[in-house]
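User: I am new to reading structures, and I would like a close look at one part of this one, taken slowly. Please begin with a single residue and its surroundings, and then turn to a sheet.

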Amino acid sequence: MVARLVIAAPSSGAGKTTVATGLMAAFAGRGLAVSPHKVGPDYIDPGYHALATGRPGRNLDAYMCGTGLVAPLFLHGSRGCDLAVVEGVMGLYDGAADQGELASTAQVAKLLKAPVVLVVDASSQSRSVAALVHGFASWDPEVRIGGVILNKVATDRHEHLLREALGESGVPVLGVLRRAPAVATPSRHLGLVPVAERQAAAVEAVAAQAEQVLAGCDMEALLALARSAPELRAEAWSPEAVGPAVAGARPRIAMAGGAAFTFSYAEHTELLTAAGAEVVTFDPLRDEALPEGTSGLVIGGGFPEVYGGELSANEPLRKAVADLAASGGPVAAECAGLLYLARSLDGAPMCGVLDADARMSERLTLGYRDAVAVGDSVLAPAGARMRGHEFHRTVIEPGAGERPAWGLRQPERRVEGFVRGGVHASYVHTHWAGAPEAAARFVERCAGADGGPVA
């Protein structure tokens with residue numbers, strides 16, 4: 001039994017991240033073990049959640065992992081905790097395009113049997129707030145909205161009008177938060193600036209969020225609401241189910257980290273480890289060599305476009321990455337990793353593993369993807385299907401190599417990415433909990449690499 005709350009909102013921009021992170025930090029500050037979760041594919045918010053709780057921020061994505069894994073992944077992440085706080089995505093009922101409720105906060109709340117706290121931006125309304133809350137509370141009878149937190153309230157008079165309007169709605173007001181610049185988190189082209197890029201400032205912001213929540217919310221009522229959630233009948237997911245990929249071997253897999261490569265799911269490291277690998281993190285901005293004994297390389301997402309000059313200046317590491325790829329060493333690269341493997345990024349030399357050049361673009365590419373492996377690679381056999389997500393403001397030319405990584409089925413049919421020797425590079429982010437065989441296959445290939453060509 002895990003006490004739990006889902007923090008949702010009518011739309012993006014209402015203050016979900018501020019409230020959810022503040023609640024996590026406030027409850028953790030009271031001595032509770034708090035498990036942080038985020039609905040959807042977002043990588044950045046979980047970094048703030050981890051800072052607030054001291055535990056890995058974890059994602060619950062019903063599209064990429066399937067609805068059947070939402071509760072098991074939740075139980076895996078919240079094992080041993082007193083309370084779980086789940087931050088929603090977009091508006092409460094917004095999900096994957098043209099897929100009904102799939103991957104929406106509402107669907108995840110139903111799968112977790114969790115009460116929902118609706119965060120409402122009250123800055124430009126008074127009595128109308130009652131109609132808004134009534135509509136959200138009555139839209140889907142299976143979604144239990146247990147309370148409202150009013151955000152960006154201007155004055156005591158404004159608060160009085162809002163409380164009066166909500167008095168007959170049947171949905172209690174569990175918190176009122178004033179406008180507070182100290183809790184704000186700076187944003188840029190793909191959302192919030194990650195924790196890794198603003199450590200001291202992020203710590204201060206999370207502390208301010210906790211103070212704001214403690215001052216404005218009924219913490220006892222929120223905890224009681226969380227504890228009212230019924231028993232969740234499911235078995236916790238375990239990375240151990242993947243099993244050792246190879247007997248006796250323990251290949252060393254280097255995983256890119258640091259400020260330029262902050263996008264990764266905790267389950268990836270857990271799966272690689274369970275499959276028999278030793279995972280070692282390195283920082284392409286600082287380290288001039290791959291970890292000693294590296295057999296394979298994982299380069300996830302992040303912001304290489306922000307650090308292009310520094311990445312380019314680290315020529316020894318760029319050469320080491322190129323040498324590993326040329327030897328046939330397995331390399332799995334997603335989005336930022338794809339750009340790092342390119343010949344250049346905005347004119348700055350990168351690793352040169354791929355015969356392609358990348359640059360920033362005004363166009364945002366965003367959405368879930370249904371992908372099919374075009375041919376065999378270190379991640380998947382030909383014909384294997386995986387679900388993923390694209391989120392970037394860059395383009396790479398050409399968009400696919402002679403051997404593409406994926407054939408995409410929606411929103412339009414196209415091929416994308418590169419498979420070259422042991423390299424699999426693509427814009428598509430994947431969540432390996434939904435396809436644990438990818439982690440096992442990668443470890444198996446790494447165990448056979450030993451600096452030589454991979455079949």
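Analyst: A helix, as the word is used here, is a DSSP run marked H or I of at least four residues, and helices are numbered from the N terminus. With that in mind, and remembering that this is a predicted model, we can place Gln107 in helix H4, which covers residues 105-112. Gln107 has a relative accessible area of 9%, and because buried means under 20%, this residue counts as buried. Its side chain reaches the backbone nitrogen of Ala103 at 2.8 Å, and, leaving aside residues up to four places away in sequence, Gln107 touches Ala62, Thr67, Glu101 and Leu102.

Now to the sheet, which is open and built from six strands with mixed pairing, in the order E11-E10-E12-E13-E21-E20. The edges are taken by strand E11 (278-282) and strand E20 (418-420), and since each of these has a single partner strand, one side of each is left without a neighbour in the sheet. From one strand to the next, the twist averages 15 degrees. Within this sheet, strand E12 (residues 294-299) and strand E13 (residues 331-334) run parallel and are joined by three bridges, and Ile299 stands opposite Ala333 in E13. Helix H13, made of residues 436-447, packs on the sheet, where it touches strand E10 (252-256) as well as E12 and E13, and the direction of helix H13 makes about 145 degrees with that of E12.

How values were computed:
Residues numbered from 1 in each chain as written. Predicted model: local features only at pLDDT ≥ 70, side-chain atom pairs only at ≥ 80, totals over all residues. Heavy atoms only, no water. Helix = DSSP H or I, 4+ residues; strand = E, 2+ residues; numbered from the N terminus. Buried < 20%, exposed > 50% of the residue type's maximum accessible area, 1.4 Å probe, protein only. Polar contact = N/O pair within 3.5 Å; in protein donor to acceptor, adjacent residues only side chain to side chain. Contact = heavy atoms within 4.5 Å. Pairing = 2+ DSSP bridges. Axes fitted to C-alpha atoms, helices over the stretch in contact; angles between N-to-C directions.
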